[in-house]
Amino acid sequence: MQLKPIKQSFAVAYEYNLHFTQGLFDSQNTLFRDIFDSYKKNERVKVFFVIDQGVADHHPDLKQGIKTYCERYSDNLDHTGSLVVPGGEQCKNDYGNVTAVLSAINTNAICRHSFVVVIGGGAMVDMVGYAAAIAHRGVKLIRVPTTVLSQNDSAVGVKNSINNFGKKNFVGTFAPPYAIINDTDFLHTLEQRDWIAGVAEAVKVALIKDEKFFAYLEENAQKLKDRDMAPMQYLIHRCAEMHMHHIAQGGDPFESGSSRPLDFGHWAAHKLEQMTDYKLRHGEAVAKGIALDMTYAQMTGLISADALKRILTVMERMGFDLHIPVGSDKDITDLLVGIEEFREHLGGELCITLISGIGKKHDVNTIDLDRMQQAVQVLNDSCKIKIDH
């Protein structure tokens, strides 16, 4: 007997909010409490916190402040405890950190109607988000990103991941958070390189989506470098808005296709991070990746020499070192392997996003490896000339 296939399709709507605040755990700030009250009116909800060690060190009163806040609003918040984990990209290289979070979720009886709140940089948010996504097939997650890059990019999307097999984000999930909360207070204690590194993601989205936003970044490049909070707040808000709009309206929120414009500049960035044993910050590597791909785009005739000069000048004025750290032909060969690894990550077909003009993305499906190798040398020669002068 021939049995007919049973067909089924369904759609699931996701909704989450990105909130902006200052002094999240100040007793007079009810935003955090209100999020839980809107989830379950007048009911206590279990909350477990995972905190980036670097954040805890720079904010020594944070753990006690969280405990005091939860006690103040105990009608809504059942504070079950906190776990402090070393942050930075290395936290994604050690599966022991995932195990520690899973163990805490188990010990504190965090269920699918409870919450994990992660407070930290983008790597910490990625790692804890992955642990939360696989515990009980998904416990609710609130992200409190603490760096420019995580507030404007990595924490506002739907991806969670860890590194494995020497490859960035090899293991991961798509799992939207319940909410994201950007607190500007955490930005004040950032090192300068972390302050400026996150700006690379704003340059990225401006170049592929919004010429007007790029002009804003160009006009405010020095202010951003000098840690002027007003343009940084606008940058974070606009960049996050564009990222979230692309996820919701781009037609491929879970990246089942090959075109991934939000990974502009990232094939080289991911490889450079791995090659430098993650000594490069992600944003620093993205800036280098953008500079390299823009040099290649100019060499292939996609953009003019004037456009390239404008782009590189803006990034250098912001404080980025655009030199590609390769000391030998073998290093360049290793770097170019990143193109093939990126193709594998996409799922088969290579699709690299470049631009045909500022604000105009242009996807290509092949890369001339000899020309890309030349682009490395051209970019590095350009950086050397500037240094010599």
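Colleague: In which handedness does α9 pass α14?
Modeller: In this predicted model, the crossing of α9 past α14 is left-handed.

Colleague: At what angle do the two helices pack, and how far apart are their axes?
Modeller: Helix α9, residues 211-219, packs against helix α14, residues 305-318, at about 45 degrees. Their axes are 10 Å apart. The two helices are therefore oblique to each other, because an angle counts as oblique when it falls outside the ranges under 35, 65 to 115 and over 145 degrees.

Colleague: Which residues meet there?
Modeller: From α9, the residues are E211, F214, A215, L217 and E218. On the α14 side they meet R310, I311, V314, R317 and M318. By class, the contact holds 6 nonpolar and 4 charged residues, with no polar ones.

Colleague: Turning to the sheet, what is the strand order?
Modeller: The sheet is open, has 6 strands and runs β1-β8-β5-β4-β2-β3, with parallel pairing.

Colleague: Which strands stand at the edges?
Modeller: Those are β1 (17-21) and β3 (77-85). Each has a single partner strand, so one side of each lacks a neighbour in the sheet. From one strand to the next, the twist averages 20 degrees.

Colleague: How many bridges link β5 and β8?
Modeller: Strand β5 (residues 140-145) and strand β8 (residues 179-183) pair in the parallel sense over 2 bridges. R143 has I180 in β8 as its bridge partner.

Colleague: Which strands does α3 lie across?
Modeller: Helix α3, residues 62-72, lies across β2 (45-52), β3 and β4 (115-120). Relative to β3, helix α3 runs at about 170 degrees.

Terms used:
Residues are numbered from 1 along each chain as its sequence is written. This is a predicted model: local features need pLDDT of at least 70, side-chain atom pairs count only at pLDDT 80 or more; totals for chains, interfaces and linings use all residues. Side-chain values use heavy atoms; hydrogens and water are left out. Axes are lines fitted to C-alpha atoms, for helices over the stretch in contact, and angles run from 0 to 180 degrees between N-to-C directions. Helices (H or I, at least four residues) and strands (E, at least two) are DSSP runs, numbered from the N terminus. A crossing is left-handed if the near helix is turned anticlockwise from the far one by less than a right angle, and right-handed if clockwise. Contact means heavy atoms within 4.5 Å. Ala, Val, Leu, Ile, Met, Phe, Trp, Tyr, Cys and Pro count as nonpolar, Asp, Glu, Lys and Arg as charged, and the others, Gly among them, as polar. Two strands pair if DSSP finds at least two bridges between them.
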